[in-house]
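Me: I'm new to this one and don't want a quick tour. Pick one part, stay with it for a good while, and then show me some other places that are worth a look.

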Amino acid sequence: MPLRDDVVDAREGAATSLGEVSDAWVMGRARELQVVGQHSDLQGRRAALREADELLSEARRRGNPRMVGQLLCCGSMLRLCAPGMAEQAVPLLDELLTHTRRHRLDVLRADAHALRGRLALIDGNEDNALNQAAEALVILDDDLVPDATLGRRSWERLLATALIDIGRVLTQLGIYDMADEVMARAHHRIRESGGPYEIATHLINRCRMLLGWGLRLERIGKQDEAHARFGTASQIALSMDGRSQESLFPRIPGMQDADRLPVLAAASALAHPDAEHVARLAEISEAEQDMPTRERIVLAIALSRCHRAAGAADRSTEVLLEARDAIAEDVSEPGLRISLVREYALHSELSPEEAAPALREYSRELETELWNMRASRSITLKARLDRQRLNRQHHAITRQAMHDPLTGLPNRRALDAKLESLLQEPEAQPLSVALVDLDGFKEVNDQRSHAEGDEVLRVIARTLSDTLRADDLVSRYGGDEFVVLLPGVPLQASESALERTVHAVAELPASLSRGVTLSIGVVAMQPHEDASEVLARADMAMYRAKRLGGNRVVAVSTDSTQEISSEQPLWIPPEAT
């Protein structure tokens, strides 16, 4: 299916000027590519993937952790959707998990686990997929605080995307009731904050889930419930045209969505199988040779039933046989594979008339047993969720003792332990120690509110972590003071790194920083010096930065320590928070 002309034009214009566009443009384009890449032909998917990789390179160059995380998600997802490219997603997903843990991007970390679940299903590893889905759900069970740096709407969209990806894994596993609950949570977020293409994508995924659920219910004889699922899916298909006309789905002028998207065409046909659907379904089946396995199976079952309704029993059997042969080596959709094999066994010309009732009875017994196995899998998932929640509670209690509850940073106890361990590690030398104080923070508390002051502290803490290395320790030491340990970094290099942090805070929107800036004093740890001595020197250097007007870094070598000491009283640590 070709890309829309305006999408191609936008891509060509973007390719020559990525370095000039805004962060918002890059992220908006990434969201577009996720839609285009999932609903195009193979050539269109590869073109979308190439552009997504270019955006990822640009995001890495800019160094924005949230942008990098979202572009890693985008590149991983596009590879999982492209036939034969799933293995290429492995290094991106590994990087995404490491990246999201480091920067505490919990929603993106949950999505990383969901995408790893999809990868496990492609490999036929249902148990691993189940574990990944459970881990993702546990992360999103936490009382997540929206990321103020992203903005509420963008954060809600990320959360909805993670929920949808989890729902897709649960759908493929056949745990439809839980998939339905997860997608209902996604629907609430999408309705409030989603754009046209997020809404359209969500509706298509929900349609996929309902069709799989209906086919599963048929296999255990629950025809009325199955028909209700098909009916709901058909209503979604009818509502899609208005949604996707405003979205970036690749379109063919004059053609409705149900005439070109397999899952929507199948929904209408399964709800009311008759001859009028045959031509449309057959045309889609011929045009979409590289369609995903789920769509191929559902479309084949729908087309077969419509042929049967039209009196073409032989062609009905041929359609099922062709689909069965096409997915012979595919293990990614075990539940739907059984539905296809059942459809072929019950409606082919292979069985004598006398054997048909027995075959149907055997099939029903077999499918009832398989249904019970799926029910036990749902119970297993819930048990694993409970275990994961207990593990997280245990880790949370341990973490609470070593972390500041407001900012999530290591607290003074953690700092003291880390500093003590670094003094015993030769590779940590040279060791730079910085004391950070906030300029203008008292005015925020006095003139605005302590709640706004708390939010400023969170923003500053996140910015400090984002702009420094993974090996650097950023800790909250008390009030509006932070301490940074930079192991293996000489004083001059530490000064340069911290100047970048000062600049990053100064460049924050006033709505986030409330005008607060940083005064930082940094010193190099000396032989035989203890923690209180080095922190006292860092504190005196910080006061020099304050006297010079703030919003700066002052690095003090041992040669100038005496001069500062004569100007300031002995440093007294703040009270623990």
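Reply: Start with helix H12, residues 262-271. In this predicted model, H12 is mostly covered, with ten of its ten residues buried. Go along it and you'll pass Pro262, Val263 and Leu264, then Ala265, Ala266 and Ala267, and after those Ser268, Ala269, Leu270 and Ala271, each of them buried. H12 also does some covering of its own: together with helix H14 (293-309), it is included in what covers the buried residues of helix H13. H13 takes in residues 278-287, and its buried residues are Val278, Arg280, Leu281 and Ile284.

Now for the part I'd like to stay with, which is the sheet. Five strands make it up, and it is an open sheet with mixed pairing. Going across, the order is S2-S3-S1-S4-S5. The edges belong to S2 (473-478) and S5 (552-556); each has a single partner strand, so one side of each has no neighbour in the sheet. On average, neighbouring strands here are turned by 20 degrees against each other, if you ignore direction.

Let's zoom in on S3, residues 481-487. What does S3 pair with? On one hand there is S2, which pairs with S3 in the antiparallel sense over five bridges. On the other there is S1, which runs antiparallel to S3 and is joined to it by seven bridges.

You can follow the S2 pairing residue by residue. Leu473 stands opposite Leu485 of S3, Arg476 stands opposite Phe482, and Gly478 has Glu481 as its bridge partner. S2 and S3 form a hairpin, with two residues between the strands. One to look for in that turn is Gly479, which has a positive phi of about 55 degrees. For the S1 pairing, try Leu431, whose bridge partner in S3 is Pro487.

How much of S3 is covered? It is mostly covered, with seven of its seven residues buried. Glu481, Val483, Leu485 and Pro487 point one way from the strand, while Phe482, Val484 and Leu486 point the other way, and both sets are buried. As for S2, six of its six residues are buried, so that strand is largely enclosed by the rest of the structure, even though it stands at an edge of the sheet.

Helices come into this picture too. Helix H21, residues 491-506, lies across S1 (431-439), S3, S4 (517-524) and S5, and runs at about 170 degrees to S4. Helix H23, residues 531-547, also packs on the sheet, where it touches S1, S2, S3, S4 and S5. The direction of H23 makes about 140 degrees with that of S4.

Away from the sheet, have a look at two helix pairs. The general idea is simple: a packed pair is described by the angle between the two axes and by the distance between them.

Take H5 (residues 89-102) and H6 (residues 106-122) to begin with: they pack at about 155 degrees, and their axes are 9 Å apart. That angle makes H5 roughly antiparallel to H6, and the crossing is left-handed. On the H5 side the contact is made by Val90, Leu93, Asp94, Leu96, Leu97, Thr100 and Arg101; on the H6 side, by Leu108, Arg109, Ala112, His113, Leu115, Arg116 and Leu119. By type, the residues of this contact are eight nonpolar, two polar and four charged.

Then there's H9 (residues 176-193) with H10 (residues 196-219), packed at about 165 degrees with axes 11 Å apart. H9 is roughly antiparallel to H10 because of that angle, and here the crossing is left-handed. From H9, the residues that meet H10 are Tyr176, Asp177, Ala179, Asp180, Met183, Ala186, His187 and Ile190. Among the H10 residues they meet are Ile199, His202, Met209, Trp213 and Arg216. This contact divides into eight nonpolar, four polar and five charged residues.

Notes: Residues numbered from 1 in each chain as written. Predicted model: local features only at pLDDT ≥ 70, side-chain atom pairs only at ≥ 80, totals over all residues. Heavy atoms only, no water. Pairing = 2+ DSSP bridges. Helix = DSSP H or I, 4+ residues; strand = E, 2+ residues; numbered from the N terminus. Axes fitted to C-alpha atoms, helices over the stretch in contact; angles between N-to-C directions. Contact = heavy atoms within 4.5 Å. Buried < 20%, exposed > 50% of the residue type's maximum accessible area, 1.4 Å probe, protein only. Parallel < 35°, antiparallel > 145°, perpendicular 65-115°, else oblique. Left-handed = near helix turned anticlockwise from the far one by under 90°. Nonpolar A, V, L, I, M, F, W, Y, C, P; charged D, E, K, R; others polar.
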